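Here are my notes for your review. Please read them with the structure open.

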Amino acid sequence: MTSAYNAGQVRPAGETRTLPVPEGLDGMRLDQAVSRLLGLSRTTAAALVEAGDVTVDGTARPKSDRVAAGSWLEVVLPAPAAPPTVIAETVPGLRVIHADDDIVVVDKPVGVAAHPSPGWTGPTVIGGLAALGHTIATSGAAERQGVVHRLDVGTTGVMAVAKSERAYSLLKRAFKLREVEKRYHAVVQGHLDPLRGTVDAPIDRHPTHDYRWAVMASGKPSITHYDTLEAFPAASLLDVRLETGRTHQIRVHLSTLRHPCVGDLTYGADPTLATRLGLSRQWLHARELAFAHPGTGEPVRFVSDYPDDLAHALRILRD
């Protein structure tokens, strides 16, 4: 018997899972235990408990009850949501930096997701490329075909998408083996000490906030290198290089150092400073992307300039 679904596996509607509480989850809240065991979001797990779809040793319990190791959970899983579909639509500000038979590299504007996802109704890179007539590789899940890496909706900058199946396979492998150079620029609050360093701390979903991530012992290995490029009275401009590519990695690691990205209210930034700089999102930009071209094998490098809102904030800090 397995205790969790593999990523991407479809859960049949109404399937019931029965499994014991392992020692490692002894004393954990019921909703959190269900979330951990079955790979569900905390919100989904809590909803299942509240709906009576979770029992402990045959009895329904409140979501805040603590579970004991060896107890048996029975969980009726929800029907899988219909996969989001790609809609071809013009995306203002989406600029193609480079395109050939294997790849298309774009400069992603703020407010645009990499690909469709449940709950997101805004524009996407994949939809924008479809509107521009680019045919994307069919590898990967239907809604994110060709996507080999992602940027947050609120993060701008350079992003590559595979057009050929060979390019998809080679780029996915290159990202996995950390052969892709990913450089970001970030403006953070205060001055880091030391001015150059590395954060090596695992990242997992936040235990109580589904939309946030956090440094957690249970998380996946995450490594971020930073170097201070410029210092201002209230902030610093950093060059950041990623070894790994976890969701919100830079934002989480810098917040953990108590130097969140300016404007990143989700991770503890000062709203007063954000207002003074005219920022409505985090000052974080995917500046450079370099890798071996999947078609030719030759090294390629793509650079993205700062968008207007980030450039404006930087000018204010420099004045």
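In which sense do strand β7 (residues 156-162) and β14 pair, and over how many bridges?

1. The pairing of β7 and β14 is parallel, over 2 bridges. Thr156 marks one position in this pairing: it stands opposite His285 in β14. Keep in mind throughout that this is a predicted model.

2. β14 has further pairings. With β8 it pairs in the antiparallel sense, over 6 bridges. Here Glu181 stands opposite Ala290 in β14. With strand β15 (residues 299-303) the sense is again antiparallel, over 5 bridges. Leu289 has Phe302 in β15 as its bridge partner. In general, strands of a sheet pair through backbone hydrogen bonds, in either the parallel or the antiparallel sense.

3. The hairpin of β14 and β15 deserves a look at its backbone. There are 6 residues between the two strands. Gly297 in this hairpin takes a positive phi near 80°.

4. How enclosed is β14? The strand covers residues 284-292, and 7 of its 9 residues are buried, so β14 is largely enclosed by the rest of the structure. The cut-off matters for that reading: buried means under 20% relative accessible area.

5. A separate item is the open sheet of 4 strands. Its order is β1-β4-β2-β3, and the pairing is antiparallel. β1 (16-20) and β3 (59-60) are the edge strands, each pairing on one side only. Strand β2 (residues 54-56) and strand β4 (residues 72-76) pair over 3 bridges, in the antiparallel sense. Within that pair, Val54 stands opposite Val75 in β4.

6. Next, helix α5 (residues 249-256). Of its 8 residues, 6 are buried, so the helix is largely enclosed by the rest of the structure. Which residues of α5 are buried? They are Gln249, Ile250, Arg251, Val252, His253 and Leu254. Note that the list includes Arg251 and His253. After α5 comes Arg258, with a positive phi near 70°.

7. Leu192 is a loop residue, located between β8 (181-189) and β9 (196-200). Is Leu192 buried or exposed? It is buried: its relative accessible area is 4%. That value falls under the 20% cut-off, so the label follows. Setting aside neighbours within four places in sequence, Leu192 is in contact with Tyr226, Leu238, Leu254, Leu257 and His259. One of these, Leu254, is also among the buried residues of α5. His225 offers a distance check: it is 33 residues from Leu192 in sequence and 12 Å away in space, C-alpha to C-alpha.

8. Now the whole chain. It holds 7 helices and 15 strands. The radius of gyration is 22 Å, close to the 20 Å that the globule rule gives for 319 residues, so the chain is as compact as a globular protein of that length. Along the principal axes, the C-alpha atoms fill a box of roughly 65 × 45 × 30 Å.

9. Burial and contacts come next. Of the 319 residues, 46% count as buried. Take contacts between residues at least 6 apart in sequence: 64% of them join residues at least 24 apart.

10. Last, surface and charge. The accessible surface comes to about 15,500 Å², and 51% of it belongs to carbon and sulfur atoms. The chain has 34 positive and 35 negative side chains. The centres of the two sets lie 1 Å apart.

Terms used:
Residues numbered from 1 in each chain as written. Heavy atoms only, no water. Buried < 20%, exposed > 50% of the residue type's maximum accessible area, 1.4 Å probe, protein only. Contact = heavy atoms within 4.5 Å. Pairing = 2+ DSSP bridges. Rg over C-alpha atoms; globule rule 2.2 N^0.38 Å. Areas by Shrake-Rupley, 256 points an atom, 1.4 Å probe, with all protein chains shown as cover. Lys, Arg positive; Asp, Glu negative; His and termini not counted. Charge placed at Lys NZ, Arg CZ, Asp CG, Glu CD.
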